[in-house]
Amino acid sequence: MTGRINRSLFRLFRKLETSAHPLNYLFWECTTRCNLSCLHCGSDCSKESGIPDMPLPDFLRATDTIQRNGLITVVLTGGEPLLRRDLEECGRQIRKRGMRWGIVSNGYLYNKERHNALLSAGMGALTISLDGLENSHNWLRNTAGSFERAAQAIALAASSARLNFDVVTCVNPHNIGELEEMYYFLLSVKVKAWRLFTIAPIGRAELNPELLLTDGKFSQLMDFIASKRELKQMDVKFSCESYTGPYETRVRDGYFFCRAGINIGSILADGSISACPNIDHSFVQGNIYRDNFFEVWQHGFTDFRDRQWARRGKCAGCNEFKDCLGNGLHLWHGDKKEVLVCRKGIAER
Amino acid sequence: MKNLILKILGSISLTSVLFVFQACYGTPQDMEQDNQFEGIVKSKASGNVIKGIKVSTNFEGRQSYTNENGEFSIFLPLADEYKLTFEDVDSTVNGAFTKYDTVITDVPGYVHLDILLQPK
C-alpha cells in the first residue's frame with residue numbers, strides 16, 4: 001500500500017519536475033580526444049579526433065545565456081578531459097560564473113600534481129572508471145597498465161575529503177564474477193561510492209555483443225547491488241541508465257527517472273545542444289554556434305519532456321510504461337522503432 | 001511555491017535524494033562549501049603587476065601562480081585558518097621580490113587580496 005502511494009507521489013513529482021525542467025546538470029564534451037581506446041566506448045573517441053576541442057570562450061558564451069534556477073554542476077567529459085591543458089582554467093572560469101564542476105576520467109593521467117591543481121581550481125566532483133580487476137580492466141580499456149594507473153588515481157581521489165567522488169564500473173560478462181573482489185578492493189582504498197552500469201549496445205559496443213549482459217547476468221548484478229546496499233559499508237548503486245522492473249528502489253535510492261532534457265543538458269564538442277552525451281545525435285536540439293543555448297533549453301527538448309512517442313514496439317502496450325516511460329533515452333537509436341534494452345519482468349524470465 | 005511543492009512531494013515519495021541526482025555517465029553533484037582566495041600581486045615599488053609568483057598554502061600541494069596580469073585564484077577546503085605565502089620562484093625573471101606570508105581567519109567564502117611585494 002505504502003509502495004503504491006509512494007509510486008503515485010513520485011509520478012506526480014516527476015510530472016511537475018518535467019514541467020519546470022530546471023537545468024541543474026550540464027555536460028560539456030570538452031574534447032573527443034582520448035588516450036585509451038576502450039572496447040565499449042559510447043562516444044567512439046580516439047587518440048586523433050577529427051573534431052577540435054571546443055575553445056573555452058565558446059562554451060562560456062553559451063552558458064552565459066543561462067538564467068539559473070539553483071545550483072548547476074558542469075561535468076567535463078570527453079574523450080578524456082585530462083588531455084585538455086587548459087582544464088584548470090576551464091574550471092576556474094566555470095566557478096567564477098557561480099557554477100560547480102567535475103570531470104569523468106579514465107584516471108590514466110590523474111596524478112598527485114594534477115589532483116592538487118584541479119582541486120585548487122575548484123573541482124568538486126570526480127568520477128573514475130574501474131572496469132574489473134587487472135586483466136579485465138586492461139582488456140576492456142584496451143591498454144596494458146591502465147588498471148594500475150586507474151587504481152592509483154582512485155586512491156588519490158578517495159583521500160580527498162572535499163571531492164564528491166565515485167568509482168564507476170561497466171559490468172560485462174568478463175568482470176561480473178569479479179564484483180565481490182572489486183568491492184573489497186574499493187573498500188580497502190576508502191572509496192565511499194561505487195556506481196555500476198551495464199553496457200548498452202551503442203557506440204563500439206554495438207558491434208561487440210560479448211560485452212552485453214543476458215537477463216540472467218543482469219539479475220545477478222541486481223542481486224549483488226541489493227545485497228551490498230544492505231551492508232551500508234559503501235554507497236553501492238545501479239546507475240540511472242534504465243528501469244529495473246522488480247528491482248526498483250532496491251538497487252538505487254529512488255525510482256527510475258531519466259532526467260535527460262529535464263534537468264540534464266549538454267554541449268557537445270561540435271557545439272550541438274543535447275542531453276547526456278551518449279544519446280543518439282538525432283535528438284540534438286540546436287547548436288551553440290547558431291542558437292541561444294538557454295532559449296533552446298527552455299523551448300526545445302519536447303521529445304525529452306513528453307515521452308509518449310516512445311509508446312511503440314514492445315513499449316506500446318506495456319503496463320509499466322507509466323513508470324519506465326520507454327527507459328533511458330540513450331536506449332533509443334537509429335530509426336527508434338524499438339527500445340534497445342528492456343528489463344521489465346527480468347525476475348520471471 | 002512550485003519548488004516547495006516539488007520538495008514536499010519528493011520527500012514524501014522517498015525521492016528527496018533525487019534532488020541531488022547524478023546523470024548516468026556523469027559525476028556526483030557538487031554542493032560542498034569551500035573558500036576561494038583570489039587577488040592581484042604587485043610590486044610595492046613600481047605598482048606593476050608581477051607574473052609567476054608562487055602562491056602556496058597550508059594545505060599540502062595546494063598552490064597557484066600569478067598570471068601575466070598578476071592575478072591568482074585558489075580554492076581551499078573549509079578551515080579555521082589559512083596561511084598564504086607569496087614567493088618569487090623564477091629568480092630575476094619578472095623581477096626579484098621578497099617572500100611574504102599572510103594568515104587569514106574567519107573566511108566568509110570568498111576573499112580578495114591585493115598583495116604588494118617588496119623588491120629585493
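**A walk through a predicted two-chain model**

A:Gly79 sits in the loop of chain A that runs between β2 and α3. This is a good place to begin reading the model, which is a predicted one, since the peptide bond that joins A:Gly78 and A:Gly79 is cis, with an omega of about 15°. Most peptide bonds are trans, and most residues other than glycine have a negative phi. Both halves of that general statement will be useful, the first for the bond just described and the second for two residues further along the chain.

From this loop we can step back to chain A as a whole, which contains 11 helices and 10 strands. The radius of gyration of chain A is 20 Å, close to the 20 Å that the globule rule gives for 349 residues, and chain A is therefore as compact as a globular protein of that length. Measured out along its principal axes, the C-alpha trace of chain A spans about 50 × 50 × 40 Å. Of the 349 residues in chain A, 62% are buried. If we consider the contacts in chain A with a separation of 6 or more, 69% of them are made by residues 24 or more positions apart.

The surface and the charges of chain A can be described in a similar way. Its accessible surface comes to about 13,700 Å², and carbon and sulfur atoms account for 50% of that area. Chain A carries 45 positive and 39 negative side chains, and the centres of these two sets lie 5 Å apart.

Which residues of helix α2 in chain A are buried? They are A:Leu56, A:Asp58, A:Phe59, A:Leu60, A:Ala62 and A:Thr63. Because 6 of the 8 residues of this helix, which covers residues 56-63, are buried, α2 is largely enclosed by the rest of the structure. The neighbours against which these buried residues pack are β1 (25-29), β2 (73-77), α3 (87-96), β8 (264-267) and α9 (293-299), each of them in chain A. Two of these elements, β2 and α3, are already familiar, as they flank the loop that holds A:Gly79.

Further along chain A, the segment after α11 (321-324) contains A:Asn327, and A:Lys336 is likewise found in the segment after α11. The phi of A:Asn327 is near 70°, a positive value in a residue other than glycine, and A:Lys336 has a positive phi of about 55° although it is not a glycine. As for their surroundings, A:Asn327 counts as buried at 2% relative accessibility, while A:Lys336, with a relative accessible area of 15%, is buried as well. It may seem surprising that a residue with some accessible area can carry this label, but buried means under 20% relative accessible area.

Chain B, to which we now turn, has 1 helix and 7 strands. When chain B is read along its sequence, the elements follow the pattern α-β-β-β-β-β-β-β, with the helix ahead of the strands. Buried residues make up 43% of its 120 residues. Among the contacts in chain B with a separation of 6 or more, residues 24 or more positions apart account for 51%. The accessible surface of chain B is about 6,400 Å², and 51% of it belongs to carbon and sulfur atoms. One residue to look for is B:Ala79, in the loop between β4 (71-77) and β5 (81-88) of chain B, which counts as partly exposed at 31% relative accessibility. Its C-alpha atom is separated by 32 Å from that of B:Asn48, a residue 31 positions away along the chain.

How many residues of chain A are in contact with chain B? There are 51 of them, and they meet 34 residues of chain B. Together the two chains bury about 3,800 Å² between them, with 60% of that area on carbon and sulfur atoms. Of the area that chain A buries against chain B, 15% is supplied by A:Phe13, A:Tyr25 and A:Ser120, more than by any other three residues.

One last residue connects the two chains in our account. A:Asn278 lies in the loop between β9 (272-274) and β10 (286-287) of chain A, and with a relative accessible area of 12% this residue is buried. Leaving aside residues up to four places away in sequence, A:Asn278 touches A:Ile202, A:His330 and A:His333 from chain A, together with B:Tyr25 from chain B.

Key
Residues numbered from 1 in each chain as written. Chains lettered and ligands numbered in written order. Predicted model: local features only at pLDDT ≥ 70, side-chain atom pairs only at ≥ 80, totals over all residues. Heavy atoms only, no water. Helix = DSSP H or I, 4+ residues; strand = E, 2+ residues; numbered from the N terminus. Rg over C-alpha atoms; globule rule 2.2 N^0.38 Å. Buried < 20%, exposed > 50% of the residue type's maximum accessible area, 1.4 Å probe, protein only. Contact = heavy atoms within 4.5 Å. Areas by Shrake-Rupley, 256 points an atom, 1.4 Å probe, with all protein chains shown as cover. Lys, Arg positive; Asp, Glu negative; His and termini not counted. Charge placed at Lys NZ, Arg CZ, Asp CG, Glu CD. Buried area = accessible area lost by both parts, 1.4 Å probe.
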